[in-house]
Amino acid sequence: MDIHSEKILILDFGSQTTQLIARRIREQKVYCEIHPFHIDLDTIKKMSPKGIILSGGPSSVYDKDAPVSDPGIFELDIPILGICYGAQLMTTQLGGRVERAEKREFGKADLEVQVTSGLFAGMETGDAWHQVWMSHGDRIEELPEGFGVSAISAHSPNAAIRHNNKPLVGVQFHPEVSHTIIGTDVLRNFIFGICNCDPNWTMHSFVESTVKLIKEQVGDGKVICALSGGVDSSVTAALVHKAVGDRLTCIFVDNGLLRTQESGSVMRFFKEKTSLNLIQVEAADSFLSELDGISDPEKKRKLIGYGFIRIFEEEARKVGDAKYLAQGTLYPDVIESVSLKGPSAVIKSHHNVGGLPEDMELKLLEPLRELFKDEVREVGLELGLPEEAIYRQPFPGPGLAIRILGEITRDRLDIIRQADVIVLEEMKRSEMYYNVWQSFAVLLPIQTVGVMGDERTYENVVAIRCVDSKDAMTADWTKLPYDLLGKISNRIINEVRGVNRVVYDISSKPPSTIEWE
Ligand code: XMP
């Protein structure tokens, strides 16, 4: 059963803003999915999307290895919107011409709308300029047969194009970015005006259809759920519980990589506030001995992922032959682990996506794998989970292992735990904790010289990472007040033995990632 009776398909040609297109569409309560540009025509037909969006991308359509999708999509009678590279590809595949522009357009540009229907329905025309965001070196020179111009800019005589009687449209600018003031209206005109979608993708409808789907999938079988206490796994557990009730058992693993007092507080919280069956598994010794001497981040992630799965398989047998493992994989994990260009471009193996052993016995149940984090939080509210579970900052599956750069030892775990408590205490005290996406400490694999009292010291460096984000796909470093940073630094250096220097990470994502490993 496909729970999404209506969807927009986004074909990804590698643009940095492809995920933004998806977010903008879902904000309009229309479901959409991103797939690589080379997905085959039959699969697209089976999906029967209400519309297709061809994303932008870094290539030129004339590059030797330029990414191309099956031109058969233009014969499907499904509305198609090409954005930047997507519009140029549509142009060349249908017989038009694209050329390297004499003047490239990067940044803000003024758009003059010439046809106020289709993508520009309801907008002013003529001298009323609209600010849009451009980022292209090539431009559309000659339109394919049957196409006309619907908007121009100073350097793009064909800044927006449309077919005269087929639902094919293209824009040279990026409607998904906030600098394109009319961007939301353009996308709304596409999905509602041209594709005739209904705005029925709400978290209420998601819960209803997902519960039904889980019931069908699981039948009268048993499920175990990997519960970490974070929002993703808590919402997953609540959703699966709604579907299968007591046939769900949640497993909380203490892998020795958790924060101070975390296992106690998670167990207490779920026992007091929910009716979930919850088991705690003590596995610190085995995880830490597996990780002994390992510094490579990917090796750490894979070892931890495998360790988790082995425990879940064992627990599944104990629970009475559970066949399903539910886990809180989200859409960004899926997107970041599946690369357009093959395995070499995978950024990180998120442990619950990229690091699964091939011989795993359990079948996966990942009811949130199509959602962004803010959508998951909405589902949590819909399911009545307490706000303190929903608005907790994310904590990565591999835990402190990826916040200790280099080898993981019990001493280094002690240092990072103490530093982490201080960061969280000060963030909560200053009421910044819930205003930021994440705030945490990272232990670096270097030592620096310091002076304490009259003594020379040669000790560890802790980095503070704090970012603002909407869905972890992109993030900005937070401009924390200096006195708060000063207090955190002072406390760490004074209270955590073995640290004599604190630095603040001022990198954004991209090009950095949020976690350091
Ligand atoms: P990055 O470091 O990739 O992180 O920018 C994006 C978000 O994902 C969290 N994260 C993880 N979560 N398993 C998880 O469950 C993982 O392996 C993992 N790695 C990163 C990270 O904390 C941030 O919120």
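Two strands count as paired if DSSP finds at least two bridges between them. Helices (H or I, at least four residues) and strands (E, at least two) are themselves DSSP runs, numbered from the N terminus. The structure is a predicted model, in which local features need pLDDT of at least 70 and side-chain atom pairs count only at pLDDT 80 or more, while totals for chains, interfaces and linings use all residues. Residues are numbered from 1 along each chain as its sequence is written, and side-chain values use heavy atoms, with hydrogens and water left out.

The description may begin with the sheet of 9 strands, which is open, has mixed pairing and follows the order β2-β1-β3-β4-β9-β8-β7-β5-β6. Its edges are formed by β2 (32-36) and β6 (129-142), each of which pairs on one side only. On average, neighbouring strands of this sheet are turned by 25° against each other, direction ignored. Such angles run from 0 to 180 degrees between N-to-C directions, and the axes are lines fitted to C-alpha atoms, for helices over the stretch in contact.

Within this sheet, strand β4 (residues 80-83) and strand β9 (residues 168-171) pair in the parallel sense over 4 bridges. Leucine 81 has valine 169 in β9 as its bridge partner. Helix α4 (residues 183-194) packs on the sheet and touches β1 (8-12), β3, β4 and β9, where contact means heavy atoms within 4.5 Å. The direction of helix α4 makes about 165° with that of β4. Helix α3 (residues 85-93) lies across β3 (51-54), β4, β5 (97-113), β6, β7 (147-153), β8 (156-163) and β9, and runs at about 115° to β4.

Two residues in loops beside these helices deserve attention for their backbone. Cysteine 84, in the loop between β4 and α3, has a phi near 55°, a positive value in a residue other than glycine. Is this cysteine 84 buried or exposed? Cysteine 84 counts as buried because its relative accessibility is 5%; buried means under 20% relative accessible area, exposed over 50%, and partly exposed in between (1.4 Å probe, protein chains only). Asparagine 196 lies in the loop between α4 and α5 (203-218), and its phi, near 60°, is likewise positive in a residue other than glycine.

A further open sheet has 5 strands in the order β12-β11-β10-β13-β14, with parallel pairing. β12 (277-282) and β14 (363-365) stand at the edges with a single partner strand each, so one side of each is left without a neighbour in the sheet. From one strand to the next, the twist averages 30°. Strand β13 (residues 324-326) pairs with β14 in the parallel sense over 3 bridges, and leucine 325 has leucine 364 in β14 as its bridge partner. Helix α7 (residues 262-273) packs on this sheet, touching β11 (248-254) and β12, and its direction makes about 165° with that of β12.

Turning to the surface, tyrosine 391 is found in the loop between α12 (387-390) and α13 (410-429). With a relative accessible area of 34%, tyrosine 391 is partly exposed.

The segment after β18 (499-504) contains proline 510, and proline 511 has its place there too. A cis peptide bond joins lysine 509 and proline 510, with omega about -15°. Another cis peptide bond, with omega about 10°, joins proline 510 and proline 511.
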